[in-house]
Amino acid sequence: MSADAHIAAFIREHLPVVAVPGVPELRLHKAGPASGVGRLGDAAPYWAYWWGGGLALARHVLDHPAQVVGRRVVDLGAGSGLIGIAAARAGAGSVMASEIDPHARAAIALNAAVNQVTLAGIVGDITDGPAPDADLLLVGDVFYAPEVAARVTAFLDRCVAAGLEVLVGDPWRSPLPVERLTLLARYDVAETGMAKPAGVFAYRAG
Ligand SMILES: C[S@@+](CC[C@H](N)C(=O)[O-])C[C@H]1O[C@@H](n2cnc3c(N)ncnc32)[C@H](O)[C@@H]1O
């Protein structure tokens, strides 16, 4: 069995498909107490868990479909694929998911199928390259560590300079570049079961 087939089989067998908290239109494979995701050897299986920024941005996109209808969307740091799947469901013209973790990329493909949406591509890290050929970048909870935030911020600055619109979802984690953000909406999200606030922001270059 190939590595990709192995991870896909593991996800299907051990990560149940559950409704997304606050986004009941969508369902995703997520880790439960008995999933044993540690057996995959992933240092940080972010894709297997809920993230406040992703929950807020997915809710926002579904509540404001005009934001994505007919547009070419990139979900940057896609994790489980939640935000890109929400954009596809809301009527995006095309959706590409970018994610550095190959296990996450396998989960994104499975989650897209569970929700009966088609993604135009599931790719790795694009932050070293030029702005993608897209209209809108959706960035959910990617400012979780200072070095990641610095890399993503430099990339988003290039994207905005190239004319892309960027929306960020985040629960005000400390590396969030608040000086570049304008709050558009606030959602109470249940990242860990308890409701806490997360914002959806418009990003402008520094
Ligand atoms: C906290 S998770 C959020 C996942 C998802 N956006 C959500 O909100 O549910 C952040 C994700 O960003 C990914 N990531 C970090 N740096 C990245 C990069 N340079 N390019 C693509 N993905 C990246 C991580 O692997 C991780 O899956």
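**Exercise 1.** In which pocket does the ligand sit?

*Solution.* The model is a predicted one. In this model, the ligand occupies the largest pocket. The assignment rests on a criterion: a molecule sits in a pocket if more than half of its atoms lie within 2 Å of the grid points of that pocket.

**Exercise 2.** Describe the shell of residues around the ligand and its composition.

*Solution.* Begin with the count: the ligand is surrounded by 16 residues. Next, identify the closest of them, namely G54, G77, E99, G140 and D141. Finally, sort the shell by class: six residues are nonpolar, six are polar and four are charged.

**Exercise 3.** Determine which atoms of G77, I100 and D125 approach a nitrogen atom of the ligand, and state how much of the ligand is buried.

*Solution.* Apply a cut-off of 3.5 Å between N or O atoms for a polar contact. For G77, a backbone N or O atom is found 2.7 Å from a ligand nitrogen atom. For I100, the atom is likewise a backbone N or O, at 3.4 Å from a nitrogen atom of the ligand. For D125, a polar side-chain atom lies 3.1 Å from a nitrogen atom of the ligand. Turning to area, the ligand taken alone exposes 600 Å², of which the protein buries 96%.

**Exercise 4.** Characterise the fold and the overall dimensions of the protein.

*Solution.* First, count the elements: the protein has five helices and nine strands. Second, order them along the sequence, which gives α-β-β-α-β-α-β-α-β-β-α-β-β-β. Third, take the extents: the C-alpha trace spans about 45 × 35 × 35 Å along its principal axes. Fourth, test compactness: a compact globule of 206 residues would have a radius of gyration near 17 Å, so the 16 Å of the protein agrees with that expectation.

Terms used:
Residues are numbered from 1 along each chain as its sequence is written. This is a predicted model: local features need pLDDT of at least 70, side-chain atom pairs count only at pLDDT 80 or more; totals for chains, interfaces and linings use all residues. Side-chain values use heavy atoms; hydrogens and water are left out. A residue is near a molecule or strand if one of its heavy atoms lies within 4 Å of it. A polar contact is a pair of N or O atoms within 3.5 Å; within protein, one must be able to donate a hydrogen and the other to accept it, and residues adjacent in sequence count only if both atoms are side-chain atoms. Accessible areas come from the Shrake-Rupley method with a 1.4 Å probe; for residues, only the protein chains shown count as cover. On a 1 Å grid over the protein atoms alone, a cavity is a set of points where a 1.4 Å probe fits but cannot get out, and a pocket is an open set with protein on both sides within 12 Å along at least five of seven lines; lining residues have an atom within 4 Å of a point. Ala, Val, Leu, Ile, Met, Phe, Trp, Tyr, Cys and Pro count as nonpolar, Asp, Glu, Lys and Arg as charged, and the others, Gly among them, as polar. Helices (H or I, at least four residues) and strands (E, at least two) are DSSP runs, numbered from the N terminus. The radius of gyration is taken over C-alpha atoms; the globule rule is 2.2 Å times the number of residues to the power 0.38.
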